[in-house]
Amino acid sequence: MIERLQISHLRNLTQTNLQSAACNVIIGENGSGKTSLLEAIFLLSRGKSFRHHQPKRYIQHHQNSATVHAKLNDNRTLAIQKQTDATTVLRLNQSTVYNQSILTEQLPTLLVDPSTMDMLEQGSASRRQLLDWLVFHMKQGFHPQWVAYQRLLKQRNSLLKKTRHLSQIQLAELKSWDKGLSNHAALIHHYRERVFAAWQPYFADTVAELLPAYAEQLSLSYNPGYDTSISLDVQLNERLEQDLQLGYTRIGNHRADVHVHWRSSDSVQTNSEHANTIIETDGSSPLPTLKEQAANVLSRGEKKLLITALRLSQLPLLLHTEEGSDLSNSGLNSQVTPVVLLDDITAELDARAIEILLSALSQLPCQVFMTSLTDDVLPLVRALWSNPHVFHVKQGQVSMG
């Protein structure tokens, strides 16, 4: 858990030093700097901002760098410095480290903010990252395989963009890369598939709390991005001509996705209204089942609750991996406390959803930082947490009380 947080020259936070608790509420007007506090924690954990990937966009004007330093409650220290040219300096316990994943392991962060509320309608990247965040923290072998896969994929795509006709030397090189991609892909899929299977019941439980009316109708599915019954290199070879014409690799782990489906057991009429649906039947019901993407059925408010359920359901799995399962020895180190970042939740969720969300978080061994325009959420927070810390932010100045 973060005990003390120091931020220098990040947006309008020139010099900020605050003592934090298990639950922290940050109150301020739009543009005051409250979201920048969450951004700083996310930057320390992930090595990038959730608002803009270019450091020069969040480093203060006329400054060469922004720095975030955290002291944890067990005296571990983490620090990151981002310079305007994107040079990064990372430190763990006063020693320089060279991989962001080292800090990510020490400080896992889960973000719920307005920008994530379109996850269901966006491309697959954000949903794939949601699964990979969980796999990263639960399967130690995943990250090296993912890094190696991304490196080979980048080389392959670079070659595909350069030419539409490969020489014999280039073709031999490509086949070597494809074999490597295939080996890494099989392991990445293995890790994803097992963690996804373990995640599903936790998702179902969370949906039952947040969207009880749809508890029996919402389900998750995992698409690995390629046919896992056939070696990936064989499939890449079969599709080589098309990939050369397009200039990129169309199948593989990088195209994996997580879908949320909505099912109805109501009588289905096969007409144009259901053109993008899948109609299923099984022997247990005389009526066909309508299956389609949940985003096509739910209201805007229900989608927000669903996305919140997707994220929130990961925490109990991460923290309470059952002994005896193939994940029992792969969860978080007992010294590591996940940090949940909730940005402007009162604007995104209704009062009932906020109460359910905060009640669930208060029962988990995690640290919470939340922002709000007003202090309306404070009575609920004080009922759920003993001694929460409240900070007021005005024009980049942070005060407690």
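Glu121 is partly exposed in this predicted model, with a relative accessibility of 42%. The side chain of Glu121 forms a salt bridge with that of Lys303, at an N to O distance of 2.7 Å. Lys303 belongs to helix α9, whereas Glu121 is in the loop between β8 and α4, so the salt bridge ties together parts of the chain that are 182 residues apart in sequence. Lys303 has a relative accessible area of 13% and is therefore buried, the cut-off for this class being under 20%.

A salt bridge also joins the side chains of Arg300 and Asp118, with 2.8 Å from N to O. This pair links distant parts of the chain, with Arg300 in helix α9 (residues 300-312) and Asp118 in the loop between β8 (109-112) and α4 (124-138); the two residues are 182 residues apart. Arg300 is partly exposed at 41% relative accessibility. Asp118 is likewise partly exposed, at a relative accessible area of 30%.

Glu193 and Arg194 form a further salt bridge through their side chains, with an N to O distance of 3.6 Å. Glu193 is partly exposed, at 36% relative accessibility, and Arg194 is partly exposed with a relative accessible area of 30%.

Salt bridges also connect Arg156, Asp178, Asp243 and Arg250 in a network. In total, 13 salt bridges were counted in the model. Side chains of opposite charge can pair when their charged atoms come close.

Conventions: Residues numbered from 1 in each chain as written. Predicted model: local features only at pLDDT ≥ 70, side-chain atom pairs only at ≥ 80, totals over all residues. Heavy atoms only, no water. Salt bridge = Lys/Arg side-chain N within 4 Å of Asp/Glu carboxyl O. Helix = DSSP H or I, 4+ residues; strand = E, 2+ residues; numbered from the N terminus. Buried < 20%, exposed > 50% of the residue type's maximum accessible area, 1.4 Å probe, protein only.
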